[in-house]
Amino acid sequence: MKRISLLLFILLLPVFAVAGFYGYLWWRVTDSADRAVAQASPFMEISYDGVRIDLIGTEVALRDLRVAPMGVGDQMRIEEVVLKSQDWSQMMRLDGNLQHEPWPEGLSLRLDGMLFHLDGPMMQQWTALALQAQPQPSYTFGRFCSSLQGAELMQAMGYRMINLDMAMGYQFNPGTQRMTIDMEVDAKQLSDFSFQMVFEASDSTLTAAAMSGAAALQSVSMDARDKGFNRRYREYCATQAGVQDEQFDAALGEEFIQLGQLIGLRPPETVVQHVVGMYRPGANLGFKLQPAHPVGQFDMAGLDSPEAFIELLNPSLNINGQQITAPQIGEFLQEAMVAVAVPEPEPEAQVLIEPQIERTEPIEPEVVAEKATAVPQVAKAQAYQTPVTPPVKGYRATPLSDMAQHVGKPVRMVTYFGRRIEGRILEINRHQVMIEQRMQRGVATYSIARDKVAELEVYR
């Protein structure tokens, strides 16, 4: 009998351990959720119906969450809020002081079934706050169709509520010190959206300090796909303004040209057609930043023009499957700027007018005589002296092949995109040139691709 009892105890011990661990997790989750609800109580009322724990999937979730901001009289409902980590030991770190202690190497937050009404008080308050935040009236794109925007436009198009799923999270690789941040949004009958950003941390342990200013950007990507909004918008414009199909495309393109002219640009026809294409049913848009090397905060400080942005971050677009590279974006920008360039006025003929000088006292003859005789004497002295002009230092054109010989010297450069750079060369290798440039608030150090330098002048 004792052996049977011992055997049963051994068999049931894992069950008791799992049950105890589950109970402990349930208590930790509910305690953390209740504390969060209490902390938010001065600003909003938060309630939930239950807790779900997935021991195998390392997930904890709050079911049927309801959020009601104070004084609004409306609420937003979320079917489930799910928090997921790589393992339970990392999940427990969330109760620590993340400002000083290591972060979990992987964490994600998912909001399933996020639902709110477009005609509710909450949306009306958000719209009012957005309008108050604008320093001046904004330009409403699509005026040929309607002056409505935001929630009002969506209601006019037949939308009554927004129902979306949202997921966001990050993954960290200690070996490569690479951190990937992801976000995905699925808005029912509207659109899909995804975003990814990749950083290089300054340490193999993920902490708040490692992701501060020392982190460097490796890449950014964004993708958006229409799932019904464009079709409804075209149908609304056909009913509201009688504009459809080719007329819609032509009116949209003309308005985009007018918008460009307001900011001093004349968009090329190719760009106009790409913009029109983004308003077709099922359209998709992709955007990427793929710099040649990780970009830090000092590199970003040197971005003083669109050309500098293009050269450093190497952006590209994909509109409905058609790729647009960084050089093409630069060409579009140059073409747009040239199209609106105002020619300089021709110089007018200069008319020399002898100045009128009023004199209160007559000029004494002796003074005039001295001045008259002084001029020939100076001229005579200069005739017998050969002036020696000392060498004057300045920026002199220098072959690009000699760039490595001038490390440490002040230089002026012109890049392939026409960007002008003035600074001091710190370091040169086969692919990059490290430049130190004085800014208004200090000194910025950043690198540019060596093969993008078109002209070089060295101070010598």
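Start at Asn314. Asn314 follows helix α9 and has a positive phi, near 50°. Keep in mind that this is a predicted model. Helix α9 itself runs over residues 306-313, and 6 of its 8 residues are buried. So much for numbers; here are the names. The buried set in α9 is Glu307, Ala308, Ile310, Glu311, Leu312 and Leu313. Two glutamates, Glu307 and Glu311, are in that buried set. The helix as a whole is mostly covered.

Stay with phi for a moment. Most residues other than glycine have a negative phi. Which other residues go against that here? Gln189 is one of them: its phi is positive, about 60°, and it is not a glycine. Gln189 sits in the loop between β7 and β8, with β8 covering 191-200. Is Gln189 buried or exposed? Its relative accessible area is 52%, so Gln189 is exposed.

Asp245 also has a positive phi, about 50°, without being a glycine. You will find Asp245 in the loop between α5 and α6. Its relative accessibility is 49%, so Asp245 counts as partly exposed. The line for exposed is over 50%.

Now the helix that comes after that loop. Helix α6 spans residues 246-262, and helix α7 spans 269-277. Two packed helices are described by the angle between their axes and the distance between the axes. For this pair, the axes come within 9 Å and cross at roughly 125°. α6 and α7 are therefore oblique to each other. The crossing is right-handed. Who makes the contact? On the α6 side, Asp249, Leu252, Gly253, Phe256 and Ile257. On the α7 side, Val271, Val272, Val275 and Val276. Sort those contact residues by type and you get 7 nonpolar, 1 polar and 1 charged. Look at α7 again: its named contact residues are valines, Val271, Val272, Val275 and Val276.

Next, the disulfide. How many does the structure hold? It holds 1. Cys145 is joined to Cys237, with S to S at 2.1 Å. The S-S torsion is about -105°, so this disulfide is left-handed. Where are the two ends? Cys145 is in the loop between α3 (121-133) and α4 (150-156), while Cys237 is in helix α5, residues 229-241. The pair therefore ties together parts that are 92 residues apart in sequence. Both cysteines, Cys145 and Cys237, are buried.

Over to the strands. Take Arg66, in strand β3, residues 59-69. Is Arg66 buried or exposed? Arg66 is buried, at 17% relative accessible area. What does Arg66 touch, leaving aside neighbours within four places in sequence? It is in contact with Glu45, Ile46, Ser47, Tyr48 and Asp49, and also with Gln75, Met76 and Arg77. There is a longer reach in sequence too. Arg66 and Leu115 are 49 residues apart along the chain, and their C-alpha atoms are 9.9 Å apart.

One of those contacts deserves its own slide: Asp49. Asp49 is in the loop between β1 (44-47) and β2 (50-54). At 54% relative accessible area, Asp49 is exposed, whereas its contact partner Arg66 is buried. Asp49 and Arg66 are 17 residues apart along the chain, and their C-alpha atoms are separated by 9.1 Å. Beyond residues up to four places away, Asp49 touches Arg63, Asp64 and Arg66.

One more strand residue: Thr180, in β7, residues 178-187. With 14% relative accessibility, Thr180 counts as buried. Its contacts, again without neighbours within four places in sequence, come in two runs. Gly169, Tyr170 and Gln171 are one, and Gln196, Met197 and Val198 are the other.

Last, the overall picture. The protein has 11 helices and 18 strands. It has 460 residues, and 34% of them count as buried. How many of the contacts between residues at least 6 apart join residues at least 24 apart? The figure is 59%. The disulfide fits on that list of distant links: Cys145 and Cys237 tie parts 92 residues apart in sequence.

How values were computed. Residues are numbered from 1 along each chain as its sequence is written. This is a predicted model: local features need pLDDT of at least 70, side-chain atom pairs count only at pLDDT 80 or more; totals for chains, interfaces and linings use all residues. Side-chain values use heavy atoms; hydrogens and water are left out. Axes are lines fitted to C-alpha atoms, for helices over the stretch in contact, and angles run from 0 to 180 degrees between N-to-C directions. Helices (H or I, at least four residues) and strands (E, at least two) are DSSP runs, numbered from the N terminus. Angles under 35 degrees count as roughly parallel, over 145 as roughly antiparallel, 65 to 115 as roughly perpendicular and the rest as oblique. A crossing is left-handed if the near helix is turned anticlockwise from the far one by less than a right angle, and right-handed if clockwise. Contact means heavy atoms within 4.5 Å. Ala, Val, Leu, Ile, Met, Phe, Trp, Tyr, Cys and Pro count as nonpolar, Asp, Glu, Lys and Arg as charged, and the others, Gly among them, as polar. A disulfide is a pair of cysteine sulfur atoms within 2.5 Å. Buried means under 20% relative accessible area, exposed over 50%, partly exposed in between (1.4 Å probe, protein chains only).
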